[in-house]
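Let's take a walk through this fold together. Have the sequence and the 3D view open as you read.

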Amino acid sequence: MSVLKSILSADFVLVDKELVKQLGNVKAAFLLAFLKEKEQKPLGKIIDGYFPLTVEEVQAEIGLTYREQAACIEILTSNNLIHSCRLGGLPCKRHFKLIK
């Protein structure tokens, strides 16, 4: 796929430059933008404002590995931008809630 075709397609995530500066990490800003998109169209049941998103789903969609995700989640939680926890059945799933 050409770069121009990729840019013109609807399959992209917008990342705020000021947020990248604030967080000091492009991947964390990218993950936050991705989570915002997924909050609007969750893949599973929303529980108390928390939506499910597995490591595998994130890796398949945006390419961040488990360790990259963990580092980004730590940055986002320490900046009070998201909250993450494990909820639901067996096995329990990772859920996220964006802090407004």
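We'll start with the sheet, then turn to the helices and the core.

This is a predicted model, where local features need pLDDT of at least 70, side-chain atom pairs count only at pLDDT 80 or more, and totals for chains, interfaces and linings use all residues. Residues are numbered from 1 along each chain as its sequence is written, and side-chain values use heavy atoms, with hydrogens and water left out.

Three strands make an open antiparallel sheet, in the order 1-3-2. Strands here are DSSP E runs of at least two residues, and helices are H or I runs of at least four, numbered from the N terminus; two strands pair if DSSP finds at least two bridges between them. Strand 1 (51–52) and strand 2 (82–87) each have a single partner strand, so one side of each lacks a neighbour in the sheet. Strand 2 and strand 3 (residues 93–98) are joined by six bridges, and C85 sits opposite H95 of strand 3.

Helix 3 packs on this sheet, touching strand 1, strand 2 and strand 3, with contact meaning heavy atoms within 4.5 Å. Look at E39, in helix 3 (residues 26–40): it counts as buried because its relative accessibility is 18%, and buried means under 20% relative accessible area (1.4 Å probe, protein chains only). Leaving out residues up to four places away in sequence, E39 touches F51, L98 and K100.

Helix 3 also gives the largest nonpolar core its largest share, six residues. Such a core is a set of buried Ala, Val, Leu, Ile, Met, Phe, Trp, Tyr and Cys residues joined through side-chain atoms within 4.5 Å. This one has 21 residues, and L31 is among those with the most contacts inside it.

How values were computed. Buried means under 20% relative accessible area, exposed over 50%, partly exposed in between (1.4 Å probe, protein chains only). Axes are lines fitted to C-alpha atoms, for helices over the stretch in contact, and angles run from 0 to 180 degrees between N-to-C directions.
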